[in-house]
Amino acid sequence: MRTGIYVGNNTVIHFTRRGQEVGTGTVLDLILVSSGPSQTQLHCPTCTPPEEGNGVASSCLDCFLAGGILYRFEYAVSPALFIAKARGGTCTLAVTDPDDLVVHRAKYLLENGFGCYNVFKNNCEDFAIYCKTGLLVLDHSVGQSGQAISIIGGPLAAVLSTPLRLVTTNIYGMAATAVGMYCASRYAADIGIRMDAVKVPVEDLTRTSIFR
């Protein structure tokens, strides 16, 4: 699922691979690419040419959606709503900044870049969340995006819940335990409550470790 910042005038600024590192070097890359919206072969004159730019692109809304469905990412949700949304990459506990500051960050990064794309550490959702909140995890093994946490959190929860078979052999109890651990891992990793998330001015962003 592609995530971006709507800046008005039917324009979305978003972070793309653009031939950069995808991040895993495994078959998972092919799954992630194939799961995205299909791309048209005809170039839209109002969008950033695919061979240009630094990974951050400006697209018209139609090209951004590429035939997909428009969803609104939710900010400042309650803990109960966050946990109720089992799918990652749909909401966050973090509070968004004023619209003018959000648009300023997106336009600045359009000109200066957002580092190298990495599906787990620095993806399109990380870009959008930063633009909206100014929050960044400077020393991270996994980015702040819910999609990345979901990819890792599901299998991890299943593995970690395996020892609990000694406590319950009921298949429903085991499933409930795995789901509970998955939700707990998503909640703890959300950038809205992480203690290692800090506000970074966009003008200082290229000096952070994420771009070195």
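This briefing walks through a three-stranded sheet, the helix that packs on it, and a few residues around them. The model is a predicted one, and its chain holds 7 helices and 5 strands. Along the sequence these elements follow the pattern β-β-α-β-α-α-α-α-β-α-α-β. Of the 212 residues, 42% count as buried. Among contacts with a separation of 6 or more, residues 24 or more positions apart account for 69%.

**The sheet as a whole**

- Let's start with the sheet: 3 strands form an open sheet in the order 1-2-3, with antiparallel pairing.
- Strand 1 (4-8) and strand 3 (56-60) stand at the edges with a single partner strand each, so each has one side without a neighbour in the sheet.
- From one strand to the next, the twist averages 30°.
- As background, the strands of a sheet pair through backbone hydrogen bonds, in either a parallel or an antiparallel way.

**Strand 1 with strand 2**

- Strand 1 and strand 2 run antiparallel and are joined by 4 bridges.
- Two places to look for this pairing are Ile5, which stands opposite Ile13 in strand 2, and Gly4, whose bridge partner in strand 2 is His14.
- The hairpin of these strands has 2 residues between them, and Asn9 takes a positive phi near 55° there.

**Strand 2 with strand 3**

- On its other pairing, strand 2 runs antiparallel to strand 3, and 5 bridges join them.
- Ile13 appears again here, standing opposite Ser58 in strand 3.
- Val12 has Ser59 as its bridge partner in strand 3.

**How strand 2 is covered**

- Strand 2 is mostly covered, as 5 of its 5 residues are buried.
- Thr11, Ile13 and Phe15 point one way from the strand, while Val12 and His14 point the other way, and all of them are buried.

**Thr16, just past strand 2**

- Thr16 lies in the loop that runs between strand 2 (11-15) and helix 1 (27-34).
- With a relative accessible area of 16%, Thr16 falls under the 20% cut-off and therefore counts as buried.
- Leaving aside neighbours within four places in sequence, Thr16 is in contact with Gly55, Ala57 and Tyr117.

**Helix 5 and its surroundings**

- Helix 5 (residues 124-133) packs on the sheet and touches strand 1, strand 2 and strand 3. The direction of helix 5 makes about 50° with that of strand 1.
- Is helix 5 enclosed or open, judging by its buried residues? Here 10 of the 10 residues are buried, so helix 5 is largely enclosed by the rest of the structure.
- The buried residues of helix 5 include charged ones by name, among them Glu125, Asp126 and Lys132.
- At the start of helix 5, a side-chain oxygen of Asn123 comes to within 3.0 Å of the backbone nitrogen of Glu125.
- Just after helix 5, Gly134 takes a positive phi of about 75°.

**Cys124, a residue to find in the viewer**

- Cys124 lies in helix 5 and is buried, with a relative accessible area of 7%.
- In sequence, Cys124 and Arg2 are 122 residues apart, yet their C-alpha atoms are 6.6 Å apart in space.
- Setting aside neighbours within four places in sequence, Cys124 is in contact with Met1, Arg2, Thr3, Phe15 and Tyr117.
- Tyr117 is thus a contact that Cys124 and Thr16 both have.

**Helix 4 against helix 5**

- Helix 4 (residues 99-112) and helix 5 pack at an angle of about 135°, and their axes are 7 Å apart.
- Which word describes helix 4 relative to helix 5? At that angle, helix 4 is oblique to helix 5.
- On the helix 4 side, the contact is made by Val102, Arg105, Ala106 and Leu109. Helix 5 contributes Phe127, Tyr130, Cys131, Lys132 and Thr133.
- The residues of this contact divide into 6 nonpolar, 1 polar and 2 charged.

Definitions and conventions:
Residues numbered from 1 in each chain as written. Predicted model: local features only at pLDDT ≥ 70, side-chain atom pairs only at ≥ 80, totals over all residues. Heavy atoms only, no water. Buried < 20%, exposed > 50% of the residue type's maximum accessible area, 1.4 Å probe, protein only. Contact = heavy atoms within 4.5 Å. Pairing = 2+ DSSP bridges. Axes fitted to C-alpha atoms, helices over the stretch in contact; angles between N-to-C directions. Parallel < 35°, antiparallel > 145°, perpendicular 65-115°, else oblique. Polar contact = N/O pair within 3.5 Å; in protein donor to acceptor, adjacent residues only side chain to side chain.
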